[in-house]
There are 2 protein chains.
Amino acid sequence: MRILLVEDERHLAEAVCHLLKAKKYMVDCCYDGESGLEYGLTGIYDVLILDIMLPKKNGFELLKEIRLHDRTTPILLLTAKDQVADKVYGLDLGADDYLTKPFSTDELLARIRALLRRQGKLLVDDRLEMNGTTLNLSTHELMYQDKKIQLGIKEFNLMSCLMHHKNQIVTKEILIEKVWGYDADVDYNNVEVYISFLRKKLQFIHSSLRIKTVRGMGYTLGGAEG
Amino acid sequence: MRILLVEDERHLAEAVCHLLKAKKYMVDCCYDGESGLEYGLTGIYDVLILDIMLPKKNGFELLKEIRLHDRTTPILLLTAKDQVADKVYGLDLGADDYLTKPFSTDELLARIRALLRRQGKLLVDDRLEMNGTTLNLSTHELMYQDKKIQLGIKEFNLMSCLMHHKNQIVTKEILIEKVWGYDADVDYNNVEVYISFLRKKLQFIHSSLRIKTVRGMGYTLGGAEG
DNA sequence: CTCTCTTTTCAGATTTCTTTAAGGAATCTA
DNA sequence: TAGATTCCTTAAAGAAATCTGAAAAGAGAG
């Protein structure tokens, strides 16, 4: 799987590039619209990620020109926050999806997987694993040895967040942001309820993972002993 | 299976279109090179059938431009007479096969089947199999042991899509794209209704397959246990 | 045109997920 | 240890997605 990233903010580009490579994608990165067009037209990419605000040629122009010649490669747009108009315009021009900055890494990866899946392409690294317990990112099944159980969407997001931060403390604020969204107004008790659900399901499949609570701080996912 | 036919002789186009539909292919038809290009580049077709003599943009140009962006979709050329030069030129440009007019219907169908088979889109004997349940791709019959039942075209496309993605989740968006077409504006409920039809038919033949719903995501086809 | 089969639409029933609420347990503080 | 705080768990209300039967609309054959 080869991905083209066109993004002029070096920091962000670097970070995303690193993230994608860690997920076993091959990534090329451009920092302006002109070179983006050049690379984009080669047709060798499985997904294109385009920022809207770009030097030399903005994301819309880029998108338009690429779509003149290539209607199929999935394109993901990155827009600044709250620019709904941009979103609509971009989708009209032929983008397949969009993501507003700032975005979470999970969100980005999920969108990429969705685009690839829609194309019927094989996914790379489609599961998270920890101590023998596996979370299938496309079916949302949690599995340990031969037992598995289906997670709901909230349970799934919670679990994947914990697994991404294995052995680290994850605060309830962070969990709320990942599971309910950036500006959600949700009681802490909701997190507690879902943690409870997850613990039950982990137990059900006899997983060796434990969600430990760190009073006043949050939770950490770890093995049975620690 | 979706086929694009680009042919300006209305009579012939009509006839071929009718023939293919009778064979349960989904067929779209264009009458000139420009719209042919537009449709051809969508990438949703399993086979492209291009006439050489076309208004606005002839078959060779069309072929060339399509092959710039899509090297895999099988292309069958229709040439006027026994123009060996045309044949060679066409194959050089990336066509997969050619047929000289006039041709027999059987001949056309055989070429199409051959192209599809070469792509691995059809199994050797024209059927998809899973856990003892088989879907006959040419008669559209669903069979388990000695019981069988006829599927309609929509039911069939749905079923084959699920069988192609066995044990994976298939979203309603994807099903709509595959069954109703890429730009179809179809309510989710339609998918639900047809899933319901299929479940009834699977039950009728006592198949061991089950269509499991993954709430908020889509469906997956699996064995009885789940 | 009529009949039949397919497809779509609609609406109520059903299932599953989410949130709220409350009592009890655990942990901390003074 | 008493009292305060935080967390756990369960039950039940509320919301949303899905299922499904039936009717309406459409398409094709004769």
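This short talk walks through a predicted model of two protein chains, A and B, with DNA strands C and D, going from the sheets to the cores and then to the DNA.

Let me begin with chain A as a whole, whose secondary structure comes to eight helices and twelve strands. Of the 226 residues in this chain, 29% are buried, and when we take the contacts in chain A with a separation of 6 or more, residues 24 or more positions apart account for 53% of them.

Now please look at the sheet in chain A, which is an open sheet of five strands in the order β2-β1-β3-β4-β5, with parallel pairing. Which strands stand at the edges of this sheet? They are β2 and β5 (97-100) of chain A, and because each has a single partner strand, one side of each is left without a neighbour in the sheet. From one strand to the next, the twist averages 20°. As a reminder for those who are new to this, strands of a sheet pair through backbone hydrogen bonds, and they do so either in parallel or in antiparallel fashion. One pairing to follow by eye is that of β4(A) with β5(A), which is parallel and runs over four bridges, and here you can find A:L78 with its bridge partner A:L99 in β5(A).

Helices lie across this sheet, and I will point to two of them. Helix α1(A) lies across β1 and β2 of chain A, at about 170° to β2(A), while α5(A) lies across β3, β4 and β5 of chain A and runs at about 180° to β5(A).

With those elements in mind, we can turn to the largest nonpolar core, which has 28 residues, and in which A:I3, A:V6, A:V47, A:I49, A:L50, A:L76 and A:L77 touch the most other members. At least two residues of this core come from each of β1 (2-6), α1 (10-22), β2 (26-30), β3 (47-51), α3 (59-69), β4 (75-79) and α5 (105-118) of chain A. If you would like a single residue to centre your view on, take A:I49, which, leaving aside its neighbours within four places in sequence, is in contact with A:I3, A:L4, A:L5, A:V6, A:L76 and A:L78. There is also a second, separate core of 27 residues, and among its members are B:V47, B:I49, B:L62 and B:L76.

That brings us to chain B, where an open sheet of five strands again has the order β2-β1-β3-β4-β5 with parallel pairing. In chain B, β2 (26-30) and β5 (97-100) stand at the edges with a single partner strand each, so one side of each is left without a neighbour in the sheet. Helix α2 (residues 33-40) of chain B lies across β1 (2-6), β2 and β3 (47-51), running at about 145° to β2(B), and helix α3 (residues 59-69) of chain B lies across β1, β3 and β4, running at about 150° to β3(B).

Further along chain B there are two hairpins that deserve a moment. Strand β7 (residues 133-136) is joined to strand β8 (residues 141-144) by three bridges, and the two run antiparallel, with B:T134 standing opposite B:M143 in β8(B). This hairpin has four residues between the strands, and B:H140 takes a positive phi near 65°. Strand β8(B) is in turn joined by four bridges to strand β9 (residues 147-150), also antiparallel, and in β9(B) the bridge partner of B:M143 is B:K148. In this second hairpin, which has two residues between the strands, B:Q145 takes a positive phi near 50°.

How do the two chains meet? Eleven residues of chain A are in contact with twelve residues of chain B, and the side of chain A that touches chain B divides into one nonpolar, seven polar and three charged residues.

Finally, the DNA. Which residues come nearest to strand D? Of the 20 residues around it, they are A:S196, A:T213, B:E192, B:S196 and B:T213, and the elements that give two or more residues to this surface are α8 (188-204) of chain A together with α8 (188-204) of chain B. The surface near strand D divides into six nonpolar, eight polar and six charged residues. Around DNA strand C there are 18 residues, of which A:G152, A:K154, B:G152, B:I153 and B:K154 come nearest, and at least two residues of that surface come from each of α6 (153-164) and α8 of chain A and α6 (153-164) and α8 of chain B. Near strand C, the residues divide into six nonpolar, six polar and six charged.

Terms used: Residues are numbered from 1 along each chain as its sequence is written. Chains are lettered from A and ligands numbered from 1 in the order in which they are written. This is a predicted model: local features need pLDDT of at least 70, side-chain atom pairs count only at pLDDT 80 or more; totals for chains, interfaces and linings use all residues. A residue is near a molecule or strand if its C-beta atom, placed from the backbone, lies within 6 Å of it. Ala, Val, Leu, Ile, Met, Phe, Trp, Tyr, Cys and Pro count as nonpolar, Asp, Glu, Lys and Arg as charged, and the others, Gly among them, as polar. A nonpolar core is a set of buried Ala, Val, Leu, Ile, Met, Phe, Trp, Tyr and Cys residues joined through C-beta atoms within 7 Å. A residue is buried if 20 or more other C-beta atoms lie within 10 Å of its own, exposed if 12 or fewer, and partly exposed in between; C-beta atoms are placed from the backbone. Two residues are in contact if their C-beta atoms, placed from the backbone, lie within 7 Å. Two strands pair if DSSP finds at least two bridges between them. Axes are lines fitted to C-alpha atoms, for helices over the stretch in contact, and angles run from 0 to 180 degrees between N-to-C directions.
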